[in-house]
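The report that follows describes a model in terms of its cores, its sheets and a few points of backbone geometry. It is meant to be read alongside the coordinates.

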Amino acid sequence: MKRLMMLVMVLVTISVGASAQKEKFKALFIYNFTKNVDWPAQLKNNQFVIGVIGNSQMAAELQTIALTQKVGNLPIKVVNSASPDELEFCHLVFLSSSKTAQLPNLLGKLSGKQTLVITDGKNLATKGSAISFIQDGDKLKFEISRRNIEKQGLKSSSALANLGILVD
Amino acid sequence: MTINSFLSRRWLTALAFSASCLVAVNAQEATSTVSEMTSEQIQQLSYNDLLQLSLEDLITVANKFGMSADEMLEYFLNKDIVAASKKAEKSMESPLSSTVISKEQIERSGVTNIPEALRLAPGVIVREKTPGNYDVHVRGYDNIPSNNILTYSENMLTLLMIDNRPVYSYAFGGTFWETLPIEVSDVERIEIIRGPSSALYGPNAVSGAINIITKKATSKSVAVSFDNALGNNNTNIANIASTFGIGNKLLARVSGNYQWNGRFQNDFFTFYDSRYHTQDFLEITKDKDGMYLKENASDIEPNPRRAGEKFGGNVALYYPVNDKVNFELAAGAQKSAVLTSMLGNRMVPFSIRESQTQYIDFKANAGGLQAQVNYMAGDQEYEKMVKGFHIDLQSFNANLEYDYKIQNLSLRPGVSYQQASYDDSKYVNTAIKEGYLNGKCVLSTVAAFMRADYTAFDKLRLVGAVRWDKYNKPDVTHMTYQFITSYKINDNHLVRGVYSRANRGPFMTDTYSDFTWQRIPGAFNILYLGNENLKLPVMDMIEFGYRVKPVKYIQADFEVFQTKTKDYSWFMPQSIAIKLSESGKPMMEGIIGYDNFDMTTTQIGFSGNIQIAVNKNLTMNVFGNIQKTELDHFYARKASEILEEMVGKLQTPDQPVNNEVKDADFVDQTHKSTPSYYGGGSVNYIFKEKWNINTSFYYYGKQTFAMTFMDTEIPAKTLVNAKVSYNFAKENKVFVNVRNLLNDDSNEFAFADQIGTKFFAGVQLNF
């Protein structure tokens with residue numbers, strides 16, 4: 001009976017796996033990118049919204065950062081599996097590697113809406129994303145497209161371009 | 001005892017506690033010179049540090065953090081330790097004699113509870129009294145004074161803490177391990193400091209201090225872990241925990257644990273004929289005074305096959321207000337019943353001890369300011385078979401420290417207040433002094449302390465700590481100190497030295513005992529009397545240590561030490577007289593009281609610990625202690641002999657007989673009640689990333705336990721253990737675990753149970 005109760009407790013609880021080192025670092029990078037972008041003076045609402053598509057682990061890591069950090073003076077809100085309507089309000093959208101196929105559609109929806117689009121995979125900055133993570137052996141690197149950032153109505157710091165792999 | 005009853009009031013109380021909050025600050029300066037830092041230094045960066053880095057530095061860190069094989073080895077060999085000097089540092093750098101047991105070591109080794117986990121560290125003597133119930137001593141000093149009551153077998157000289165919250169018992173001293181609300185599944189790591197360190201931690205950190213750091217939630221995502229092991233003798237061990245976020249910022253971890261440990265036998269040792277007998281025999285047999293050996297035992301202790309049963313539940317909340325401000329709140333409850341020997345009744349030394357307690361612990365950090373306040377309450381019955389040892393207890397601790405840095409000098413002043421209040425009046429007839437206290441008794445300490453830590457040229461480190469404790473009983477102030485120096489010859493060699501003094505705190509029985517034991521009702525009463533002016537035991541130590549990494553795969557740690565301890569307290573027959581009872585009949589009345597003797601113990605010892613990480617998949621360690629303890633000016637007479645002698649001399653009512661302490665009764669001798677060598681080791685092998693194979697061993701030399709009724713020899717023993725687990729999906733595992741593979745079923749403690757081979761099979765699930 002005692003064991004049965006414990007098993008029931010396990011089964012009724014929803015769960016997510018343990019955090020991986022790589023996701024933790026990507027989340028740290030995403031937060032760091034927000035410090036290297038000039039956001040419009042008038043932001044869309046009173047919080048900085050990060051949308052995550054297709055990676056609940058990443059959403060969890062970003063939520064951990066949101067507990068203590070702000071972007072400018074704004075608290076951070078993380079929206080996991082953001083719906084098309086919610087995307088409107090995002091300042092930054094992370095598209096996971098498994099959802100790369102959605103990139104053209106996503107760019108269409110966010111065109112000119114001052115949203116930083118970050119992807120996870122090679123050559124994606126040339127296909128419209130502002131920044132894309134790439135794994136080079138043990139090293140985590142990122143591609144950056146200044147043109148795509150400006151196209152979205154944003155400006156990036158020179159450090160961002162200097163430290164990433166500039167694709168244009 | 002059922003889960004339902006446990007989950008009811010206490011558990012809800014613990015959950016309700018968790019609703020409150022406060023504020024704290026945690027300031028850590030991010031460094032701007034990451035590119036110049038070693039991998040080791042980078043790994044010391046906190047998560048907050050990482051958040052504050054520039055993009056360039058973050059890239060550097062990410063690349064160094066790639067967890068290359070070498071860095072994995074470094075992580076295994078050189079763990080973080082906080083307890084050693086109250087700030088996080090690598091164990092290679094720790095200036096004190098210290099060891100960290102990680103949660104990975106605990107899980108892989110298959111230890112089934114916290115005291116058994118201490119067998120993974122050097123300098124700790126761990127013996128199993130009955131299955132699942134342990135005696136734990138740091139560097140020995142057990143059974144001093146010998147030839148006395150069984151209580152002196154307890155470790156009264158080591159401070160145990162959970163997240164810096166003291167959890168030792170104020171009753172007789174010692175730690176009731178089964179009353180810890182947490183289990184191994186709740187442990188993040190265990191930090192062990194060997195040697196006197198009450199200047200850093202307060203009273204009772206005499207032979208050492210053990211700090212158990214518990215797991216906390218680190219992310220808002222929901223996660224659940226569950227493990228269950230079923231073993232022979234109907235043993236059942238189960239743990240469950242869940243971490244999750246609440247609202248925007250609150251992080252929570254909720255956990256529960258349950259253990260039922262079965263015995264290998266159903267009989268008990270008795271002093272009646274120095275043999276083991278079943279409960280049936282003990283219930284119907286009378287001693288020479290016509291008293292039953294264990295009257296009504298089957299009503300009071302109905303299951304002679306049960307070694308122990310325990311439940312625990314905990315809630316830990318973490319609330320970061322921002323990157324500078326955070327606070328923590330933990331609360332929990334436990335209920336336990338174990339067969340153990342702390343008091344030992346007159347004829348049968350092992351009996352049931354029951355406990356149910358609740359606690360709440362609050363922590364805050366603010367710009368280097370750290371505050372901690374906690375409260376524990378409950379009731380404990382130390383020995384079910386003897387009336388008079390059931391009490392309500394409360395303890396309260398408050399601690400405030402401030403960390404202040406001026407370049408290479410770090411200062412840490414602080415103040416502390418501790419109070420324990422024990423009351424047995426609810427359970428006994430105080431008019432006839434049926435309880436050992438017969439009312440409410442309070443022990444308290446007010447303390448101030450200062451710690452200074454100075455590093456010169458990145459190589460020479462000087463640490464000084466001093467603490468003043470003002471006790472209410474005895475009405476004295478004790479100053480304790482630690483002077484520590486370490487010199488880092490280079491990254492691979494460190495030499496260190498320690499000179500320190502620590503003292504034990506007062507306990508309830510020593511101080512306040514006021515118990516009338518009706519030894520033979522109507523014919524012979526014995527009065528147990530405390531002493532409010534007892535001197536408190538004090539230990540001085542000098543120690544030298546050397547740490548070396550001869551190659552990057554090996555870290556070794558060696559230490560030699562000498563300690564001198566004085567002002568032990570003694571529970572001794574003082575006088576006997578003939579008095580008139582209430583009915584007017586003459587009866588004997590003896591007085592046994594607490595007093596100090598001018599004895600000094602000197603211990604010299606050597607300890608070594610070698611850790612080897614052959615590669616990421618094969619790690620091993622081996623450690624051991626050799627030591628010798630000498631008693632100088634030891635009062636060697638057995639308490640029972642003194643009492644008998646005084647009874648023999650008693651002739652007339654108007655001439656009481658006092659115990660005459662003669663010079664000839666004092667001897668110098670080698671103390672044989674603690675093993676002169678002990679240690680252990682382990683090998684862990686990860687095969688194809690799915691299998692984990694762990695073998696470990698633990699050994700100790702023979703000892704002679706001497707108490708008032710008799711001496712008994714504990715033979716040397718080597719325990720070999722093995723655990724094999726298979727990772728069948730993500731972090732989900734099945735395992736088999738065998739403890740004491742060689743099936744040496746000798747008893748590990750005086751008058752205790754046989755401890756044979758334990759087999760377990762189980763699952764460990766993570767969602």
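Two residues are taken to be in contact if their C-beta atoms, placed from the backbone, lie within 7 Å. The model is a predicted one, and every value below is computed from it.

**Nonpolar cores**

With that cut-off, and leaving aside residues up to four places away in sequence, B:M508 touches B:Y170, B:A171, B:Y422, B:L437, B:C441 and B:L443. B:M508 also belongs to the largest nonpolar core, which has 115 residues, and it is listed with B:A117, B:V124, B:I212 and B:Y422 as touching the most other members of that core. A second core, separate from this one, comprises 48 residues, and its members include A:A60, A:A66 and A:F142 together with B:I59.

**Chain A in outline**

Chain A has 168 residues, of which 39% count as buried, and its secondary structure amounts to seven helices and ten strands. Where contacts in chain A link residues at least 6 apart in sequence, 57% of them join residues at least 24 apart.

**The plug annotation and the sheet β3-β8-β9-β6-β7 in chain B**

An unreviewed UniProt entry lists residues 92-209 of chain B as "domain: TonB-dependent receptor plug". Over residues 92-209 of chain B, the chain is 13% helix and 30% strand, while the C-alpha atoms at the two ends are 19 Å apart.

Five strands of chain B form an open sheet with mixed pairing, in the order β3-β8-β9-β6-β7. Its edge strands are β3 (98-102) and β7 (165-166) of chain B, each of which pairs on one side only. Within this sheet, β8 (residues 187-194) and β9 (residues 208-214) of chain B are antiparallel and share seven bridges, and B:I190 stands opposite B:I212 of β9(B). B:I212 thus appears in two settings, as a bridge partner here and as one of the listed members of the largest nonpolar core.

**The sheet β26-β27-β31-β30-β34 in chain B**

Another open sheet of chain B, again of five strands and with mixed pairing, runs in the order β26-β27-β31-β30-β34. Which sides of it are left without a neighbour? Strands β26 (514-520) and β34 (657-658) of chain B stand at the edges with a single partner strand each, so one side of each has no neighbour in the sheet. Between β27 (residues 524-529) and β31 (residues 586-596) of chain B the pairing is parallel over six bridges, and the bridge partner of B:I526 in β31(B) is B:G590. Helix α13 (residues 639-649) of chain B lies across β30 (569-580), β31 and β34 of chain B, and it runs at about 20° to β30(B).

**Pairings of strand β33 in chain B**

Strand β33 (residues 618-635) of chain B pairs with β32 (residues 600-615) of chain B, and a hairpin through two residues joins β32(B) to β33(B). Strand β33(B) also has bridges to β36 (residues 677-687) of chain B and to β35 (residues 666-670) of chain B. The table sets out these three pairings, with one bridged residue pair for each.

| Partner of β33(B) | Sense | Bridges | Example of a residue pair |
|---|---|---|---|
| β32(B) | antiparallel | 15 bridges | B:T600 and B:D632 |
| β36(B) | antiparallel | nine bridges | B:I626 and B:Y677 |
| β35(B) | antiparallel | four bridges | B:L631 and B:Q669 |

**Backbone geometry in loops of chain B**

Two cis peptide bonds deserve attention when the backbone is inspected. One joins B:I144 and B:P145, with omega at about 0°, and B:P145 lies in the loop between β5 (133-138) and β6 (158-162) of chain B. Another joins B:K473 and B:P474, with omega at about -15°, and B:P474 lies in the loop between β23 (460-471) and β24 (477-490) of chain B.

Positive phi values in residues other than glycine form a further topic. B:E689 has phi near 60° and is found in the loop between β36 and β37 (691-700) of chain B. B:E689 is exposed, with 9 other C-beta atoms within 10 Å. For B:N743, phi is near 55°, and its place is in the loop between β41 (732-739) and β42 (758-766) of chain B. B:N743 is likewise exposed, having 10 other C-beta atoms within 10 Å.

Conventions. Residues are numbered from 1 along each chain as its sequence is written. Chains are lettered from A and ligands numbered from 1 in the order in which they are written. This is a predicted model: local features need pLDDT of at least 70, side-chain atom pairs count only at pLDDT 80 or more; totals for chains, interfaces and linings use all residues. A nonpolar core is a set of buried Ala, Val, Leu, Ile, Met, Phe, Trp, Tyr and Cys residues joined through C-beta atoms within 7 Å. A residue is buried if 20 or more other C-beta atoms lie within 10 Å of its own, exposed if 12 or fewer, and partly exposed in between; C-beta atoms are placed from the backbone. Two strands pair if DSSP finds at least two bridges between them. UniProt positions are given in the numbering used here, feature names are shortened, and annotations may be inferred rather than shown by experiment. Axes are lines fitted to C-alpha atoms, for helices over the stretch in contact, and angles run from 0 to 180 degrees between N-to-C directions.
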